Structure formats: C-alpha cells, structure tokens
Amino acid sequence: MLFRQAGIFHTDYAADRAMFPIPLDRWMVGVLLALGLAAPWVFSSLALTSYVMPWLIWAAAALGLNLILGWAGQFHFGYAAIMGIGAYTAVHGVRAGIPWEIAVVLGGLMATVVGIVFAFAALRVKGLYLALSTLALQFVMDWVISHVPAISGGVSATLQAPTLRLLGQQVTSEAGLYYVALGWCLFVTVFMLNLRRTALGRALVAVREKDFAAAVIGVQSFYYKLVAFATSSFIGGVSGAILVFTFYHAVTPEQFSVNVSIELLAMVIVGGLASIIGSYFGAAFILLLPGQINQLVAWTAKLMGADIGVETLAHIPQMVYGALIIGVLLVEPMGLGKLYANVRNYLLVWPFGYARK
Amino acid sequence: MDLTYLLELSVNGALAGLMYSLVAMGIVLIYKSSSVPNLAQGSLVMLGAYIVLAFSNGLGAPMWMAIPLAMAFMFFAGMGIERLALRRLAGRPIVMILMMTLGLDIFLRAGAMTIWGGSGRPMRIGISDDPLFLGPLLLNRAYVVGAAVTLVLFAVFVLFFRTRRGVVLRAISDDYMASWSVGISVERGVALSWALASVVATTAGVLWGSIQSVDQSLSTLLLKGITVGVLGGLDSLGGAILAGILLGVLESVASGYLDKLLGGGSRDLVVAAVLILTIMIRPHGLFGRHDIERI
Amino acid sequence: MTATPTQVPDEAGDEVLTLNNVEVIYDRIALAIKGVSVQVPRGGMIALLGANGAGKSTMLKAVSGLLAAERGLVTRGEVCFMGEDIGGLAPQRRVKMGIVQVLEGRRVFEHLTPDENLVAASAIHGSRHDMARNRDMVYTYFPRLRERRAAAAGYLSGGEQQMLAIGRALMTQPKLLMLDEPSLGLAPFLVAEIFDIVRRINREEGLSVLLVEQNAVAALEVVSHGYLMDNGRIVMHDSAEAMKKNPDIQQFYLGGAEGRNFHDIKHYSRRKRWLS
Ligand SMILES: Nc1ncnc2c1ncn2[C@@H]1O[C@H](COP(=O)(O)OP(=O)(O)O)[C@@H](O)[C@H]1O
Ligand SMILES: [Mg+2]
C-alpha cells in the first residue's frame, strides 16, 4: 500500500482542493465502497447484522458528535439523549401513520430543536461547565423519557418499532436494512468530508482554537457554535432513528442512557478528534474490541484449564473498554486517526523521509 | 403540612448531604491543585470500600486496622494514578483530561467488578440500627456518624492548609510557574492532592458502604459529589461543606413531597436541576473564586 | 560568534553565572536567543537591557530551568553556575543550588497572605528557625510588607507585590537573584526605592544580582556593568558609566533622541540589526 505524492501535479485549485487529491486515496475509497456494497454477500448474516451494520450507524453518530467535539471544540455529554429523541420521535411518527422517510427527518428535526435548546442553555459556559451541564441535561432527558408513559410506551417501557417502509416498500431483508444504514453513513461521511473544505468548517475550527480570537477576526462564535450543535443534533437524531429501525427494532430508554453518551465520546476520542476515518476506527474499537478480548480471555482460560467465573468474564469487556480509552490517551492523545495519518504521511514521501516538513 | 415531618426531612437531608460533601471534598482537593475535574472520584470511593473489605474479609484484619491499611493503600494508589495517567496529559485540552478521568472511572469500576463480582457486600463498622431520637425527630444513626466524620475531616483539612505543606499546596493552586520559580515541586504537590483525595474517598467508601452495602452503585455518588462541588465552587472546601448541606436538604425535602406526585426517582432530578441551575446562574459556585481583581 | 562584546571586563574565574554561546528554541521551531554569552561576577550586580521581545526573559528562564514549562529548550551552549554545568537540572534543583528568578509581572500567590507567600517559598525540609530568620530579614528590607502581612497578596499595590515577589525569592536563600523587569508598571519613585533596596541586599548579603530591565535609566544607576540584548543576541557589554554615555544607548533606551525623527530611528535600528 503506497501513498505517493511523487508525480502528482495539480494544475488548478480545484484539483488541489479535491476531496481526495491523491489517486491512491481515491482507489482506496473505491475499493472500500465496493466492499461496502458487496457486504451482504461477503459477510455472514450474523456478522452483517450484528457487527457491520451497527458499526456503520455508530460511526455516523460518532461523526456527528465529532462535529461538535472535534471541529467546534464544544463538549457534549448528552449526545445519546439527542439520538434518543430522534429515535422516539421517528417511532411515534411512524406509529401515527407518517411515512417512514418523513418521520425519520422529523426525528432529526426534533433532535435539532432540542439540541438548540440545549445549546442556548449550555453555550453560555465553556469547558468543564459545558460538559457538566450537557451531562445534567442528559439525566433530565433520561428521566423524562422513562417517566412519561406517553413517550416510553407504557409500563414495560419498550416501544415496538414498526417495519421500515422506504418509498412505500417494506424493507425487512437483512441486506435491505443494511443498505439503509450504509446510505445514511455515506451521506454523513460525504457531508463531513465537504465540511472541512467550507467556510463553515474553517469557522468552526477557528472557534475551537480560541473563541474570542475568532470573534476578533469577525467570526461570530456563538452563531457558529449554535450551527454546530444544530447540525450535529440532526445527524444524531437521524442516526438514533435509523439505529432503532434497522437494528434494535424496539426502543427503550436504556438504549440512549448516559453510558451510551460516554461510549460515543469514547469512540470520538479513541478515533481521534476531528478525524473522519478515525470515527470509523473509534466506533469499531469501542463496539467490537471489548467483546473480542473477552472471547480471547475465555478461550485462553479454557486452553490453560483456568476457571474464570461467569461474573468475572462479564465485566472484562467494560474493563477493556476503560483501558482502551486510557491507553489511547496515553499513547496518542489524538487517537487512532492520528496514528493512521502518521503512517500515511510516512508513506507519502517514503523513502525520502527527510522531505517531510 | 406537617412541620415535624419537614424538619425531619431537613435534618436527615443535611446529614446525608454532609456525606456528599465528603465525596465532593476529594474532587475539590484535586481540582484546586491541578484544575483537573476528577470524574473518577466515584470509582475511588467504591475502590476504597472494596480495599477495606479486602483487608478485613480477605486478610482477616479487624475493621479498626483494615481501614487505616486501606487508606494507606489508597494514598499510594492515588499517587500512582496521577503519576501514570494524568501527568502525561498536563497541558492537553480539557476534553482529553476529562476523558481520561472517565476512562479511569470505567476501568476502576469494571476492574473492581471483575475481581470482586457484582453482588453487594455488607460493610460492618459497628453502627447500631437502633433508632436515634432528637426530640421528636427520628435520625438515621449512620448519617449522624457520617456527618460527624465529614466535619472532623474538614477541620483537619482546614488545619492542614495552614501548615507549611498545606500552604505550599495552596501556592501551587495559585500559580504553577511562580511555584516552580521558588523551587516548589509542583508535580509532587499534585500527586499529594491525588493521594489525599483517595484517602478521603476511602472514608466516604466506608461510610456509604456501611449504609447501602458495597457494590458498584457507590461510584454513582460521583454525580452528587460533582454537583456539590460545583455548587460550592470547585476550589472551595468550605463551599463543599455548605453546598452538601444545601443539596442534601433540598433533595430530601423535595423528594419527600415530589415522589408522591411524580412516582419516584425525583432525587436524581433535583440533583440534575441543581447542577444545571448552578452552572447557568453562578458557574463559579457559591464560594468559588474569581481571580482577584485589584482595585 | 556574532555576539562581539565591545569590551569585556576581565574578571574571569570568579563568576557565579556563565552563559556560553546559549541558543534557545521554543516549540522546536521558534529561535528566541541565538548564541548568548553572559557572565555575572560573584557578588556583582549586572544589568541586562533590551527592548520587548529581545529575549531577556528567555535567557533568565534558561538559567532558572523554567523553559521546559514553556516548551523551550536550550539547544546549544552551556549554562554554568559556580563552575558547574546545570543544563539538565530541574528547576527545584537549581533553586536548591542558589539560583532564583523573580518572574516578570510579579506573580505573587494572590490568594495567600504575604506571610504565607514567604512560607511557601521556604524549602519544605528547611528548619523552622531558618525560615523565621529569613522572614525577618525580608521584613527588615521591606518594612511595608510587614504592615500588610495579613492581607491577601492579590490586594497589595503593584509596588508592594513586587517587593513581595523579591522577598519571596530571598526566602530560598539564593546566591544569585535574577529580577525580570521589576520596574514594570511602577511609579518612578517606587522603582528607585526598590532598586535601592536590591542594591543594599546585594551589598549586605553578598548576593549576586542579574537585573533585567527595559528601564535603562534606572537600571544603569545601580549596576556596575550592563549587557545590551537585541533580537536574541548580545550586542553590547560595558561598564554602567560607559553605557550611559554610549550614543546608541542614549538614542534608544535613555530617551535622548533629540533631533531625529521616528523614521530615522527605525532606519538606524534596522541597520544596526543588520550589522550585529
Ligand atoms: N513560550 C513561548 N513560545 C514561543 N515563543 C516565545 C515564548 N516566549 C517567548 N517567545 C519568543 O521569544 C522571543 C523572546 O521573548 P522574551 O524572552 O519574552 O523577550 P523579552 O523578555 O526580552 O521581552 C520573542 O520573539 C517571543 O515571541
Ligand atoms: Mg520579558
């Protein structure tokens, strides 16, 4: 795998600012896209529905969170609540007879509205206090959702999601659901890739680096923070809705509790702040690695004849998950995305390492 | 409504609130010295309790010995955590520092569950269950003990901050650069504050553990602790004490009346509301300091 | 090197501090001082003059070891204290050896009282007796502080804060006292008062002093020798008397720019930098 810059000459600005200026990136994206499309035939049914599909949706949600956290530099400890609002709105919408597509967008919009209200309340403070106030709002949301039967769906607090109908067609096959998830994930990714190249993206970064300095050069920091909150809430809301329709098939308050918010944060941090590919890595690591390690531990234990209690085994994934966060922060605080970028930068000029700036 | 009932709720709430202050004090100690908001304080409380049990049940030490042993253990554990996990991140954006403490929280909690299992264990420190009456008021004996310990510990800290070492810690919390310039080892001071916070956490773990039993729910005291910390001002120990009482009373009285209306669970709602309102209205808390502006 | 002292007073062998061709880089990219050589004689009082951004504070931090906290690094040359290379030592070690820097902008511990400021600066493992004696010494030199010993230091006046900062440094029982722009933002009579006291401390306690100043008038009154730093280099080194008379110094640092307009001065300065 060689990324080479040699021999690439851009003759106009458009080429220089293309989404993927380096051909190999384009090739790689092509291959990944093909793989994504062929996934239903490549992966087993179990792998597809329980790993690949949720991974894509979580990656989309992580991208949404990364928009506020990585690009705009604003905390959000209540992102799961935002996703939950999207999910509940969409499910209630479809149950009320609204077409699926519209209901999902409505979910996104509802999440946006709540997100903006969140933001109006929270953006008066920064740093730790922003983190804590969003965290508190998450608790309030949790409480409201689980204490209002009209929302949560009665005593058992589970609300069945109706079948997904895209353009009037029922989508129930595994492949169909997968493609819905893939489509959404691609949409978010392309949006984020383009965001980097727009004035909005640059303004967000300016706000992140120093909001009052940004204000001095004429960037209205509050406005941009609000836009960031709104956009990312929309992404979160729709992701939450799609997650429920394609994966969970029923919605409960625990699916969007504070722990999930923290998990999302972990995805962003482990993947790398403001890194798109990192969000994919982060989602994969946080979703998959703890389980895999657990199996590894169980397998090794069996191999060595050691007897590990069920209870012990049950908590190992959580421990791995915590260790993962700590480890990444110690080794490379900018996350896996940065590690990838390091390798890529190294290869770009290999073997002329000294040519790097 | 019934005045005695209200009074009883208030007094018991204030006592329980002082025990939240104990959790908050750990957070304040660390925040004061290094501006790190320690979201792992709840897990330290839990860990402290488990370590006490490990010394008493595991190694068979009597309680009066197990507790100091556990405190000593946690003293060094706290130092180690600072050394290994936090020091590397000094100067990094706050998001990474917060995430690190969250990661520690998850790791410590799951680690404790892995080792000791998920079922609750009793912590017996010899507080009797007999009712305690103050006039017509029925008090919770364990809360009385907890509140008393908190106040004693607070007094100890007030005195400590007047000693030479305490003054040095306060100097560090004022200005890192100036501290280095006169030969103060800032790193050692910050490590000491983590160590002290871990000892305080152990105390909290013993007291709360004796009330509710030792399990992972001890780590959820974090939310109460941080709310008290923010309400009192994250760099004010005295603030933590008063805010604890305030939150305790509010929580107890509000839930005493609201629970019937809302069907339970209003305690957490009160805590979240206090947290939000504090941040909205007075982010530096009741006694947190703004930097002194000279007139 | 490029730094060519016009006239080196020949006292080699008895310096508390010797900087030899020191280069400092911040953040691995920003070159702040470029081959600086400076000597402070034992028991002497020396001034380091220079405009804003010349690199004076950087040089002091290279000596006190505070550079690391600002991601700066001594990349070349050596810093010797009493003949010993102190390059790799932590700030605490250097303070213990007897080097202390009074930071620019006073930086007292605002929420502590003057008393506590002094306590914080006295070595934790030092004896209580030493601490009391040093504190008495500080209060004798700065009687104003004694009067305000119980107020929060943040509420002291600028002059009092500067006195406290110096007093706090004295608590470490230094052999070399480095003051970074102590006159900053103070009324002239206060500057004179503080400089006088520093001079007295220098004489009576046998303490070597390195005084960094932009206020050349006041500084050259109390020191024996001065260095002039410009753009990261030492461009002049001479006795205080000679420096006061030097036309360049008069021009730029003593405010004697009669007959030349601003444009000329800038032009001249540019040429001067080119030469150095
Ligand atoms: N922490 C820092 N990081 C990067 N550059 C710095 C830092 N501190 C100072 N500099 C640069 O080094 C040069 C010298 O600064 P300084 O030593 O503070 O000058 P002086 O004290 O003479 O005013 C300046 O160009 C300044 O911009
Ligand atoms: Mg300076």
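**Notebook: chain B and a magnesium site**

First look at chain B: 60% of its 295 residues count as buried. Note to self: this is a predicted model.

Next I checked overall size. For 295 residues, a compact globule would have a radius of gyration near 19 Å, and chain B comes out at 19 Å, so the two agree. I also boxed the C-alpha atoms along the principal axes and got roughly 60 × 55 × 35 Å.

Then secondary structure. I find eleven helices and two strands in chain B. Reading from the N terminus, the order is α-α-α-α-β-β-α-α-α-α-α-α-α.

Contacts came after that. I took pairs in chain B at least 6 residues apart in sequence, and 76% of those contacts join residues at least 24 apart.

Surface and charge: chain B exposes about 11,500 Å², with carbon and sulfur atoms supplying 66% of that. I get 20 positive and 16 negative side chains, and the centres of the two sets sit 9 Å apart.

Over to the metal. Which protein atoms are the donors of the magnesium ion (ligand 2)? I see C:Ser57 through OG and C:Glu104 through OE, lying 2.0 to 2.3 Å from the ion. C:Ser57 belongs to helix H1 (residues 56-64) of chain C, while C:Glu104 is in the loop between strand S6 (99-102) and helix H3 (114-121) of chain C, so the pair ties together parts 47 residues apart in sequence.

Last check: are these two donors buried or exposed? C:Ser57 is buried, because its relative accessible area of 16% is under the 20% cut-off. C:Glu104, at 31%, is partly exposed.

Note on methods:
Residues numbered from 1 in each chain as written. Chains lettered and ligands numbered in written order. Predicted model: local features only at pLDDT ≥ 70, side-chain atom pairs only at ≥ 80, totals over all residues. Heavy atoms only, no water. Donors = N, O, S within 2.8 Å, 3.2 Å for Na, K, Ca; no water. Helix = DSSP H or I, 4+ residues; strand = E, 2+ residues; numbered from the N terminus. Buried < 20%, exposed > 50% of the residue type's maximum accessible area, 1.4 Å probe, protein only. Rg over C-alpha atoms; globule rule 2.2 N^0.38 Å. Contact = heavy atoms within 4.5 Å. Areas by Shrake-Rupley, 256 points an atom, 1.4 Å probe, with all protein chains shown as cover. Lys, Arg positive; Asp, Glu negative; His and termini not counted. Charge placed at Lys NZ, Arg CZ, Asp CG, Glu CD.
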